[in-house]
Amino acid sequence: MPKRACYAQDYTGLKILHTLYDSCLKAEIDFLDDHYLLNLIVDEGCIKGAIFLDSHTGEIIQINAKAVVLATGGYGGIYHGYTTNSYGSTGDGIAVVLRAGGAVSDLEFVQFHPTALKRSSILMSESARGEGGYLVNSEGERFIDELKPRDEVARAIFRQEQEGKEVFLDVRHLGEEKLMHLLPQEVALCKLHEHIDPAKALIPIKPVAHYSMGGIEVNSSLEVQGIQGCFAVGECANAKVHGANRLGGNSLLEITSLGRFAGDHAHQYTRSASNKEANSTQRDKDQKAIEAIYAQACTLNFYEKQQALGKLMYEKVGIQRENTQLLQAMEEVRAMQEMKEQMGIADKSPIHNQNLIEYLEFSSALLLAPMIISSALARNESRGAHYKIGFEKQDDKHFAKHHIIQWKREI
Ligand SMILES: Cc1cc2nc3c(=O)[nH]c(=O)nc-3n(C[C@H](O)[C@H](O)[C@H](O)COP(=O)(O)OP(=O)(O)OC[C@H]3O[C@@H](n4cnc5c(N)ncnc54)[C@H](O)[C@@H]3O)c2cc1C
């Protein structure tokens, strides 16, 4: 099979990041580190800027802008404990767009990667199977063609687990020299996080949430539906380039190509955008909201609920869905939303408050989880990464369509 992607060993993303960072330094681009996006400023459907929490100072900052490009990543982190994503990937940008009156779409499409380390959920790259690694169960049997699409392999592993069998990635036959040449990062991760040497031992794995195909609804210029002058790109956006099931390698392709495209369109937009500046209404609102979080009593630990939400989403809104379980999940998430008033932050320090940031991230997760569930409930078919028991076939007649969610503006 010809290779269809470019690699820098198994460090491709890191190399892209270094190159991009060097280019930004050369172009003297300013970075505002540790500025957490709270909300967008929108006036009569047009973007006017954004509000941030500067966690170095604890101040709420308003930045006025004629155009905004969101690149805040996906929502795999909602599957807390069962995701390759950073725990901060809770779909903040998607939640922000919803609150500002914009549209989001296709949230039911969450891709599960077949091979993450069992204990830590750290990704074991596709290249391990691409280079000839096997999947075996605790009885030593291979049970699936390892090169099948991610959803099929993930489901096959899930079924083995349901039968009470453990699943392992086996790369021992590739030999130490080849492993160190082709998969140095994977070898290092196994040693560090699982305390095993893949040249000598089986690697215990599980399938976990990896990529969000759904996201902010954008048009062909990557402008957000419902908010003029606001653009979105990368995993936070649903640019419809990945369909219902992204192919490995295509996300980096998307962000490196469409990133520039979004920038060009945002720049073009600024030329005709109105010069009318935003007032401080949104800033004042966000200031009050943050003060209310500090004042809120903390009788329930939100970190426990975050873990419970991750487990619930994995078990009931995961690799295999079923309508009764989706309805149960919806009830449980609604109950968590009601409990939110009892969850506050234990750390009241005004600066560098990670507890506050994580609370805000959990709030995004709790806002988006019911939308993932309702989108999954509404799709009574199986398509790409969305697989539903009782509706195992793709149904183009009824479901060859996108699910778009947009809140009505308050009048
Ligand atoms: C382990 C792993 C391996 C992968 N390997 C590959 C691969 O080999 N090939 C491939 O094509 N794809 C791969 N992917 C997918 C790909 O890496 C991601 O889809 C891609 O990095 C998304 O880029 P992004 O810029 O859209 O978002 P991200 O890289 O997630 O960046 C989003 C940024 O926004 C910031 N942010 C979020 N919310 C806020 C907020 N409220 N305020 C301020 N900042 C915020 C985050 O801190 C983060 O820095 C992999 C993903 C993972 C998790």
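The buried residues of helix H2 pack against strand S1 (35-43), strand S4 (68-70), strand S5 (103-105), strand S10 (215-217), strand S11 (230-232) and helix H11 (354-378). Packing here means contact, with C-beta atoms, placed from the backbone, within 7 Å. Helices (H or I, at least four residues) and strands (E, at least two) are DSSP runs, numbered from the N terminus.

This is a predicted model; local features need pLDDT of at least 70, side-chain atom pairs count only at pLDDT 80 or more, and totals for chains, interfaces and linings use all residues. Residues are numbered from 1 along each chain as its sequence is written.

H2 spans residues 92-99, and 7 of its 8 residues are buried. Buried means 20 or more other C-beta atoms within 10 Å of a residue's own; exposed means 12 or fewer, and partly exposed lies in between. Among the buried residues are Asp 92, Gly 93 and Ile 94. Gly 101 follows H2 and has a positive phi, near 95°.

Two non-glycine residues also deserve a look.

| Residue | Phi | Loop | C-beta neighbours inside 10 Å |
|---|---|---|---|
| Ser 121 | about 65° | between S6 (110-117) and H3 (127-130) | 23, buried |
| Lys 240 | about 65° | between S12 (237-238) and H7 (250-272) | 13, partly exposed |

Helices H9 (residues 302-316) and H10 (residues 323-339) pack at about 170°, axes 10 Å apart. That makes H9 roughly antiparallel to H10 (angles over 145 degrees). Axes are lines fitted to C-alpha atoms over the stretch in contact, and angles run from 0 to 180 degrees between N-to-C directions. In H9, Lys 305, Leu 309, Leu 312 and Lys 316 meet H10 residues including Leu 326 and Met 336.

Methods: Parallel < 35°, antiparallel > 145°, perpendicular 65-115°, else oblique. Contact = placed C-beta atoms within 7 Å.
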